Every structure is written in structure tokens, then in C-alpha cells.
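Visitor: I am new to this structure and would like to understand the words used for it. Could you take me through them with care?

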Amino acid sequence: MILYALGDAIEELPAHAGSQTHRSYWASLPHAVQLARTGRNAKLKLSVGSVVPVSRNRVADVKRAMKID
């Protein structure tokens, strides 16, 4: 096991590869299928069936990265 800060790992990835969706989550945007909102909560559904939370502060960034209006 390697201890590595998420922020440091994200800096090493190309920007188009994905996006940090929440404090402890990063998602591969090519695998993003849908951004769903329920009230104030947002979740990103991935093609592999996973659901990743999206913080309110990062919804706009995720939409921009997914090219959603």
C-alpha cells in the first residue's frame, strides 16, 4: 500500500482524464453516464454501475467537464 494524498495524485493525471467530484472522490469522466440531482444532492453515475457523490461546490465543474449546460 502506498499512502498518497488525493490532491497530489490528481495533479499527476491529465485534466481530461477525470474530475474530483467530492472531497475524497475522483471519477473518470469518459465513464460518466449521468449527473443526477435529488434536491441539493448530486450524484455521478458511471458506466460500471458505481455512483459517486458530487459536492455542491463541484457540480458546476463536473457539468463543464461533461459538457452539460
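**Words and the values behind them**

Guide: Let us begin at Lys67, which lies in the segment that follows helix α2, residues 59-66; please keep in mind that the model is predicted.

Visitor: Why is Lys67 called exposed?

Guide: The relative accessible area of Lys67 is 75%, and the word exposed is used for values over 50%, so Lys67 is called exposed. Its backbone also deserves a remark, since Lys67 has a positive phi of about 60° although it is not a glycine.

Visitor: What makes Leu46 a buried residue?

Guide: Leu46, placed in strand β4, which covers residues 41-46, has a relative accessible area of 15%; buried means under 20%, and therefore Leu46 is counted as buried. Leaving aside residues up to four places away in sequence, Leu46 touches Ala27, Ser28, His31, Ala32, Val33 and Val52.

Visitor: How far apart are Leu46 and Ala9 in space?

Guide: From C-alpha to C-alpha, Leu46 and Ala9 are 20 Å apart, while 37 residues separate them in sequence.

Visitor: Why is Leu6 called partly exposed?

Guide: Leu6, whose place is in helix α1, residues 6-12, has a relative accessible area of 30%; because buried means under 20% and exposed means over 50%, a value in between is called partly exposed, and that is the term for Leu6. Leu6 also belongs to a nonpolar surface patch of about 220 Å², which is made together with Leu13 and Trp26.

Visitor: How many helices and strands does the protein chain have?

Guide: The protein chain has 2 helices and 5 strands, and when read along the sequence these follow the pattern α-β-β-β-β-β-α.

Visitor: How do you know that the protein chain is as compact as a globular protein of that length?

Guide: The radius of gyration of the protein chain is 12 Å, and the globule rule gives 11 Å for 69 residues; the two values are close, so the protein chain is as compact as a globular protein of that length. Along the principal axes, its C-alpha atoms fill a box of roughly 35 × 25 × 20 Å.

Visitor: What share of the residues in the protein chain is buried?

Guide: Buried residues make up 25% of the 69 residues. As for the accessible surface of the protein chain, the total comes to about 5200 Å², and 51% of that belongs to carbon and sulfur atoms. Among the contacts with a separation of 6 or more, 25% are between residues 24 or more positions apart.

Notes
Residues are numbered from 1 along each chain as its sequence is written. This is a predicted model: local features need pLDDT of at least 70, side-chain atom pairs count only at pLDDT 80 or more; totals for chains, interfaces and linings use all residues. Side-chain values use heavy atoms; hydrogens and water are left out. Helices (H or I, at least four residues) and strands (E, at least two) are DSSP runs, numbered from the N terminus. Buried means under 20% relative accessible area, exposed over 50%, partly exposed in between (1.4 Å probe, protein chains only). Patches are made of residues with over 30% relative accessible area and no salt bridge: like charges are joined within 9 Å, nonpolar side chains (Val, Leu, Ile, Met, Phe, Trp, Tyr) within 5 Å. Accessible areas come from the Shrake-Rupley method with a 1.4 Å probe; for residues, only the protein chains shown count as cover. A salt bridge is a side-chain nitrogen of Lys or Arg within 4 Å of a carboxyl oxygen of Asp or Glu. The radius of gyration is taken over C-alpha atoms; the globule rule is 2.2 Å times the number of residues to the power 0.38. Contact means heavy atoms within 4.5 Å.
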